[in-house]
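Subject: Structure handover

Hello,

Here is the structure you asked about. Please open it next to this message; my notes follow below.

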Amino acid sequence: MRFDTIIIGGGLSGLACGIRLQRGGARCAILSTGQSALHFSSGSFDLLNHLPDGRAVEHPAQAVGELPEGHPYTLLGTEFARYAREARELLVQCGVAVRGDLDKNRLHLTPMGTLKSSWLTLSDFRTFDSPEELRGKQVRIVNFSGFLDFNTAFVAEALESYGAECRLESLSLPEVDRLRVNPTEMRAVNIARVLDRPDLFDRFVAALGAYAAEADLVVVPAVFGLDSTRYAERLARELPSVALVPTMPPSVAGIRTQQQLRRTFEQLGGVFMAGDTVVRTQIVNNRVERIHTANHAEVPLQAANFVLASGSFFSRGLVADMTRVREPLFELDVRHDAERAAWYDPRFFHRQNYLAYGVAVDERFRALKEGRALENLYAVGSVLSGFNPIHEGCGAGVALLTALRAADQMK
C-alpha cells in the first residue's frame, strides 16, 4: 500500500499532523498501536508553564525567547506565535471547543483540586485568573457514592488552601448506583454512558440544583459528555455555579477529544489503522523506503514521507536499558546523558532529566541518524529531545506546534 505520508503514532501530535496534511490535499495513513495519552488528559493543553530554571511563565509568547537552544520551540523561531494560533484554530475546527489564548496562561482545576496554569482548557471546565477568586466561597463538592476516581477529600483540602469553605456531598441515582455491583465498572466512562441519556441527565441536573441553591460553587466530576459537549453546555446555562473537574484516568473529556480528532482525520479521507504496530523498517540511500507492520505481515507500507509521532517512554517510542536510551524503530540518534546516574533524581517530585531525552532533529524536524538528516522522516511531539514536558508544562504545545511545522515542511 502506498500513501503520500505515513504517520507512526495516533496521539495528539500524529492526528494534528495528519489533519493538516489531509487538508492540504495529501493522502495519509496513521498507525496507532494502542490508546493515546489523550485518554489520560486532565482537560487542558499546556504551551509553556515554566522555564527550565523553574521560573513560572504567565505570558508564553514573551517567555519563549528565553528557552535554551535545542528546545523544539527554538526551531520554530519567529513562527512560534503563528503556529500556536493555528493549533488552537485546528482544535476548534475539529469540534474541540477550548477557552484561552496565547497571550496569557490561566488556571484550571486539576483532578486533585489544585489550580494549574495552562494555555488552553476544554470548554467543559472553567478557568480562573487567580486563586483569590476562590477565597471565602461556599463550595459543595458532590460525588457519586463509590466512585473512587474523584477523591473529594483531596479536592476539599486543595480548595480550602485557597480560602474556600468546603462541604462534601453524596449524590445517588439508581442507574449509576448499579455500577457499584462490579467495582471495575464504577469508572468515569461507564458513568458517562449512563448519564449521557436525556432523561437521566435531567434528574442529574435537578439533583445538583439543590446544592447550587445554597452554595457559591458546586464542584462535580466530569463524568458525562462522552460524545459531545452539549450536556456541559446545558449545565453551564442552567446552573452556572457548577464547576466540572476532570477525574483521574480515564478521562471522559480526553477520550472525547481523541474521538473528535480521529473523526475529523477520517472525514478528510485519512486512513486510521488502529491496533497496528511497526515491526520492521527499511532505509535506502538516506530515505525511508518502506515499513512493515504486524497486521499487514509481508505487505509493505510505502510513502513519500514518514512522520515519527510514536511518543516517549510511556508509549515505547523511546526505550532504555542499563547503558543507553534508544529509538527502537529506526535506531535514530537520541540525545541523553551518558552517565545513568544523571538520568533521574531519586526525589520523585523533582525534575527528572530523562523526560528531556529524545530524538535529534534538524531545523526542519527531519530525524537524524548517525549525524545525518534522513530526507523523508520527520519526528514530532514527545519523541523529540530538548524539552521536559512535566517540569516545563509544554507537552501539548510541543505536540501540536511541531506537528504543524513538520506537515508544512512536506508541502
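Is Glu169 buried or exposed? Glu169 is buried, at a relative accessible area of 17%. Please keep in mind throughout that this is a predicted model.

**Glu169 and its partner**

Glu169 forms a salt bridge with Arg140, at 3.9 Å from N to O. Glu169 sits in strand β10 (residues 165-171) and Arg140 in strand β9 (residues 138-144), so the bridge ties together parts 29 residues apart in sequence. Arg140 is buried too, with a relative accessible area of 7%.

**Salt bridges elsewhere**

One network, held by shared salt-bridge partners, takes in Arg20, Glu79, Arg82, Glu86 and Asp408. How many salt bridges does the whole structure have? The search finds 28. Among them is the bridge between Asp408 and Arg20, at 2.9 Å from N to O. That pair links distant parts of the chain. Asp408 belongs to helix α12, Arg20 to helix α1 (residues 12-23), and 388 residues separate them. Both ends are covered: Asp408 is buried at 18% relative accessible area, and Arg20 is buried at 17%.

Another bridge joins Arg106 and Asp101, whose closest N and O atoms are 3.9 Å apart. Here the partners are partly exposed: Arg106 has a relative accessible area of 26%, and Asp101 has 30%. As background, side chains of opposite charge can pair when their charged atoms come close.

**More on Asp408**

What else does Asp408 meet? Setting aside neighbours within four places in sequence, Asp408 contacts Arg20, Arg82 and Tyr83. With Tyr83 there is a side-chain polar contact of 2.8 Å. So keep three things together for this residue: it lies in helix α12, it is buried, and its side chain makes a salt bridge with Arg20.

**Helix α12 and the core**

Helix α12 covers residues 395-409, which is 15 residues. From first C-alpha to last, α12 reaches 21 Å, close to the 21 Å expected at 1.5 Å a residue. The helix is mostly covered, with 13 of its 15 residues buried.

The largest nonpolar core holds 139 residues. Phe45, Tyr73, Phe144, Leu159 and Leu401 have the most contacts inside this core. Which element gives the core its largest share? Helix α12 does, with 9 residues.

Phe144 deserves a look on screen. Leaving out residues up to four places away in sequence, Phe144 touches Leu171, Leu173, Val176, Met186, Ile191, Leu195, Phe204 and Val223.

**Pro72**

Pro72 lies in helix α3 (residues 72-76). At 2% relative accessibility, Pro72 is buried. Which residues does Pro72 touch, beyond those up to four places away in sequence? They are Phe365, Leu384, Ser385, Gly386, Phe387, Val398 and Thr402. Thr33 is 39 residues from Pro72 in sequence, and the two C-alpha atoms are 25 Å apart in space.

**Asp124**

Where is Asp124? Asp124 is in the loop between β7 (120-122) and β8 (127-128). Asp124 is buried, at 12% relative accessible area. Its side chain makes a polar contact of 2.7 Å with the side chain of Arg256. Apart from residues up to four places away in sequence, Asp124 touches Thr229, Ala232, Leu244 and Arg256.

**Cysteines**

How many disulfides are there? The count is 0. Why is Cys28 not bonded to Cys17? The closest cysteine sulfur to that of Cys28 is in Cys17, 7.1 Å away, and that is too far for a bond. The cut-off for a disulfide is a pair of cysteine sulfur atoms within 2.5 Å. Cys28 is buried at 0% relative accessibility. Cys94 is in no disulfide either: the nearest cysteine sulfur, again that of Cys17, is 13 Å away. Cys94 is buried as well, with a relative accessible area of 7%.

Best wishes

Conventions. Residues are numbered from 1 along each chain as its sequence is written. This is a predicted model: local features need pLDDT of at least 70, side-chain atom pairs count only at pLDDT 80 or more; totals for chains, interfaces and linings use all residues. Side-chain values use heavy atoms; hydrogens and water are left out. Helices (H or I, at least four residues) and strands (E, at least two) are DSSP runs, numbered from the N terminus. The expected span of a helix is 1.5 Å times one less than its number of residues. Buried means under 20% relative accessible area, exposed over 50%, partly exposed in between (1.4 Å probe, protein chains only). A polar contact is a pair of N or O atoms within 3.5 Å; within protein, one must be able to donate a hydrogen and the other to accept it, and residues adjacent in sequence count only if both atoms are side-chain atoms. Contact means heavy atoms within 4.5 Å. A nonpolar core is a set of buried Ala, Val, Leu, Ile, Met, Phe, Trp, Tyr and Cys residues joined through side-chain atoms within 4.5 Å. A salt bridge is a side-chain nitrogen of Lys or Arg within 4 Å of a carboxyl oxygen of Asp or Glu.
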